[in-house]
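Reader: Could you pick one part of this protein and take me through it slowly? I'm in my first year, so please go step by step and tell me how that part fits in with everything around it.

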Amino acid sequence: MVFDGAMGTNLQRQNLSASQFGGERTNGCNDYLVISYPAAVEKVHRSFLDVGVDVIETCTFRANG
C-alpha cells in the first residue's frame, strides 16, 4: 500500500487565484477549496492515483483546530 500526502504543497503549485479560493477574505485558505473550487482538490487526487497511490484523503487542514 502506498499512502501519499503533501496536499497543501500540491495545491499551492497550482497558483490559484483569490476567486478560486472564494474571494479575498479566504484567499490562500486551502480548506475552502473543497467548496469553492473542488477541481483543484480533484486534480491533486487524480495526480496521486495516476502514479499508483492506493489511499487518498481530502483536505482536513483545520479539522482539529
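Author: One bit of vocabulary before we start: accessible areas here come from the Shrake-Rupley method with a 1.4 Å probe. With that method, the accessible surface of this protein comes to about 4,500 Å², and carbon and sulfur atoms own 49% of that. Keep in mind that you're looking at a predicted model.

Let's get our bearings. The protein has 4 helices and 0 strands, so reading from the N terminus you go α-α-α-α. Its chain has 65 residues, and 29% of them count as buried. Now take the contacts between residues with a separation of 6 or more: 57% of them join residues that sit 24 or more positions apart.

The part I'd pick is the loop between α1 (7-12) and α2 (18-21), and Q14 is our way in, as that's where Q14 sits. Where does the side chain of Q14 reach? Follow it and you get to the backbone oxygen of A40, at 3.1 Å. Set aside the neighbours within four places in sequence, and Q14 is in contact with A40, K43 and V44.

Hang on to V44, since it lets us look back the other way. Again skipping residues up to four places away in sequence, V44 touches Q14, and also M7, N10 and L11.

Several of these names turn up again in the largest nonpolar core, which has 10 residues. Among them are M7, L11, A40 and V44; the others are L16, F21, L33, V41, F48 and V53. The elements that put two or more residues into this core are α1 and α4 (38-50). Of the elements, α4 gives the most, with 4 residues.

Back to our loop for its next residue. N15 is also found between α1 and α2. Is N15 buried or exposed? It has 68% relative accessibility, so N15 counts as exposed. Its backbone is worth a look too: phi of N15 is near 50°, a positive value in a residue that isn't glycine. That stands out because most residues other than glycine have a negative phi.

For contrast, try the loop between α2 and α3 (33-36), where you'll find T26. At 6% relative accessibility, T26 counts as buried, because the cut-off for that is under 20%. Which residues does T26 touch, not counting those up to four places away in sequence? They're F21 and Y32, and F21 is one of the core residues you just met.

There's an in-between case as well. S47 lies in helix α4, and with a relative accessible area of 31% it's partly exposed. The C-alpha atoms of S47 and N10 are separated by 9.6 Å, although the two residues are 37 residues apart along the chain.

Last stop, the start of the chain. M1 is in the segment before α1, and its relative accessible area of 81% makes M1 exposed. Leaving out neighbours within four places in sequence, M1 is in contact with D54 and V55. The C-alpha atoms of M1 and G52 are separated by 9.3 Å, with their places 51 residues apart along the chain.

So if you retrace one path on the model, start at Q14, go across to A40, and then find A40 among the members of the core.

Notes. Residues are numbered from 1 along each chain as its sequence is written. This is a predicted model: local features need pLDDT of at least 70, side-chain atom pairs count only at pLDDT 80 or more; totals for chains, interfaces and linings use all residues. Side-chain values use heavy atoms; hydrogens and water are left out. A polar contact is a pair of N or O atoms within 3.5 Å; within protein, one must be able to donate a hydrogen and the other to accept it, and residues adjacent in sequence count only if both atoms are side-chain atoms. Contact means heavy atoms within 4.5 Å. A nonpolar core is a set of buried Ala, Val, Leu, Ile, Met, Phe, Trp, Tyr and Cys residues joined through side-chain atoms within 4.5 Å. Buried means under 20% relative accessible area, exposed over 50%, partly exposed in between (1.4 Å probe, protein chains only).
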